[in-house]
Amino acid sequence: MRTEFDVAVIGLGAMGSMALWQLAEDGLDVVGFEQFGIGHDRGAVGGETRLFRRMQTSGPEYTPVIKLAHARWERLQEFSDIQILTETGGLMIGRSEDSRMVAARVASEKAGVEVEYLSQLDMENRFPEHQLDHDEIGMFDATQGYIRCEQAVLTAVARAKALGAQIHDYSKVSIQHASVDGVVMTDGENEWTAKKVIVTTGSWSGEHLTPELRTKSRAGRIKLTWFSPLPGHDFSAESFPVFQRLVADGTLYGAPSLDGGGSVKIAPGGAPTQMTGPDDYFRGQTVEEIQYMERHVARYFPGLNKSPIRAGAWADFYVDDWIPFLGFLPRSENILLANGFAGFGFKMCPGIGRIAADMVQGKNDRQFQFMEPSRSIGTHAGKAR
Ligand SMILES: Cc1cc2nc3c(=O)[nH]c(=O)nc-3n(C[C@H](O)[C@H](O)[C@H](O)COP(=O)(O)OP(=O)(O)OC[C@H]3O[C@@H](n4cnc5c(N)ncnc54)[C@H](O)[C@@H]3O)c2cc1C
């Protein structure tokens with residue numbers, strides 16, 4: 001078996017699977033390492049779906065990444081019989097003067113996304129499962145949708161393999177040595193060498209960073225919950241597309257039922273909760289966390305049973321300013337970072353994979369420099385998802 005490669009990808013979750021596939025498509029000799037099975041749910045992938053939208057309230061600089069990602073989602077679809085990205089359209093619901101609604105309106109305009117404004121009555125007619133107050137409105141954007149996240153990762157890795165990539169699952173590797181000649185990696189028993197390495201290790205990224213970057217980043221815990229519809233209620237994509245709902249103490253977001261009406265995903269948005277480490281965090285939810293969701297579901301979704309039928313937690317990696325790391329590790333020419341996607345990265349992952357694949361081949365696009373790891377890192381200024 002070969003042990004020398006053009007490019008190695010460490011971590012085959014969202015970003016790594018997409019980088020590996022596109023490097024293989026470019027004709028490079030590539031190897032990918034994953035510490036668990038391919039498509040596992042212990043990192044930031046899991047829970048069936050991720051929301052897709054072109055407008056990004058965290059900044060217009062993400063618009064070209066999302067545009068690129070959309071084109072690459074279409075390309076990936078050619079290799080799967082299961083629909084990966086489904087554009088159901090999507091709603092944002094809140095008071096029109098809420099600063100978050102205003103930010104979304106501005107972000108939509110900047111991203112060139114047309115939105116339709118719906119009054120409480122329009123919402124009652126078209127999307128009756130959402131309970132609105134008289135002063136709330138809906139903003140409908142036809143380009144939003146959901147992505148089947150596990151299927152996306154499985155498809156990208158299978159495609160990379162079909163193109164000749166070597167895949168090592170259940171293989172936790174670390175970088176042993178890096179010099180201008182290449183990077184040596186090991187799993188403790190075997191060694192591999194690559195001219196360039198892309199580190200896409202999500203919540204496990206701390207050990208691959210410089211001490212300075214490590215102090216400015218951490219893993220965070222994100223919760224998801226599923227609820228069961230009451231008889232006579234329709235939570236299919238047509239009447240219940242993906243949504244984000246602004247509430248007084250945060251946001252809720254969700255996706256339609258994908259199992260013929262048995263369960264509907266509705267989750268709390270906002271900042272992640274703290275966690276000990278990616279290997280030992282609480283993957284369930286506390287009674288307080290569940291009761292928070294029960295109160296909100298009873299108030300805003302009267303067509304659902306208020307108690308969740310499923311509740312869990314996953315992990316993502318956060319830089320203090322909530323801007324990802326995408327670029328070479330400071331003082332390195334051959335170790336590229338693509339991590340820190342702060343709970344909003346899935347929609348962009350084939351775009352990020354494409355950009356990372358270009359960067360290790362010496363192609364740098366200035367419009368993506370805002371994610372450069374050597375930037376000055378401030379604090380997080382706004383909500384991103
Ligand atoms: C619950 C939840 C909901 C979310 N909702 C949305 C959403 O609606 N829309 C959206 O756009 N984004 C969403 N996100 C964010 C998005 O899913 C993440 O930003 C994205 O998946 C991060 O990808 P990643 O590749 O950095 O990390 P991961 O997908 O976690 O991949 C990292 C991989 O590296 C592997 N690994 C780590 N260390 C090693 C090692 N040493 N050797 C080998 N393998 C290793 C891990 O096992 C893992 O498979 C959500 C995230 C979560 C957790």
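Q: How many residues of domain 1 are in contact with domain 2, and how many of domain 2 with domain 1?
A: Keep in mind that this is a predicted model. The chain is split into domain 1 (4-70 + 149-217 + 321-371) and domain 2 (89-143 + 219-318), and their C-alpha centres sit 29 Å apart. Where they touch, the count is 25 residues of domain 1 and 26 residues of domain 2.

Q: On the side of domain 1 that touches domain 2, how many residues are polar?
A: Let's go through the classes for that side of domain 1. There are 8 nonpolar and 3 charged residues. That leaves the polar class, with 14.

Q: Where does the ligand lie relative to domain 1 and domain 2?
A: Look at who contributes to the shell around the ligand. Domain 1 gives residues to this shell, and domain 2 does too. The ligand's place is therefore between the two domains.

Q: Which residues come nearest to the ligand?
A: The ligand has 37 residues around it. By class, this shell has 18 nonpolar, 14 polar and 5 charged residues, and α1 (14-25), β3 (49-52), β13 (217-227) and β18 (310-319) each supply at least two of its residues. The ones that come nearest are Gly11, Gly13, Gly43, Gly202 and Gly345.

Q: Is helix α2 roughly parallel or roughly perpendicular to helix α8?
A: You can describe two packed helices by the distance and the angle between their axes. Here, the axes of α2 (residues 63-77) and α8 (residues 349-360) come within 6 Å and cross at roughly 100°. Angles of 65 to 115 degrees fall in one class, so α2 is roughly perpendicular to α8.

Q: Which residues of α8 make the contact with α2?
A: By class, this contact has 9 nonpolar, 1 polar and 2 charged residues. From α2 come Val65, Ile66, Leu68, Ala69, Arg72, Trp73 and Leu76. From α8 come Cys349, Pro350, Gly351, Ile352 and Arg354.

Q: Which strands are the edge strands of the sheet with the order β3-β8-β4?
A: This is an open sheet of 3 strands with antiparallel pairing. Strand β8 (residues 145-148) is joined to β4 by 2 bridges, and Thr86 stands opposite Tyr146 in β8. An edge strand pairs on one side only, and that fits β3 and β4 (85-86).

Q: Which helix packs on this sheet, touching β3 and β8?
A: The direction of this helix makes about 50° with that of β8. It covers residues 149-162, and its name is α5.

Terms used:
Residues are numbered from 1 along each chain as its sequence is written. This is a predicted model: local features need pLDDT of at least 70, side-chain atom pairs count only at pLDDT 80 or more; totals for chains, interfaces and linings use all residues. Axes are lines fitted to C-alpha atoms, for helices over the stretch in contact, and angles run from 0 to 180 degrees between N-to-C directions. Helices (H or I, at least four residues) and strands (E, at least two) are DSSP runs, numbered from the N terminus. Angles under 35 degrees count as roughly parallel, over 145 as roughly antiparallel, 65 to 115 as roughly perpendicular and the rest as oblique. Two residues are in contact if their C-beta atoms, placed from the backbone, lie within 7 Å. Ala, Val, Leu, Ile, Met, Phe, Trp, Tyr, Cys and Pro count as nonpolar, Asp, Glu, Lys and Arg as charged, and the others, Gly among them, as polar. A residue is near a molecule or strand if its C-beta atom, placed from the backbone, lies within 6 Å of it. Domain bounds come from an automatic or database domain assignment. Two strands pair if DSSP finds at least two bridges between them.
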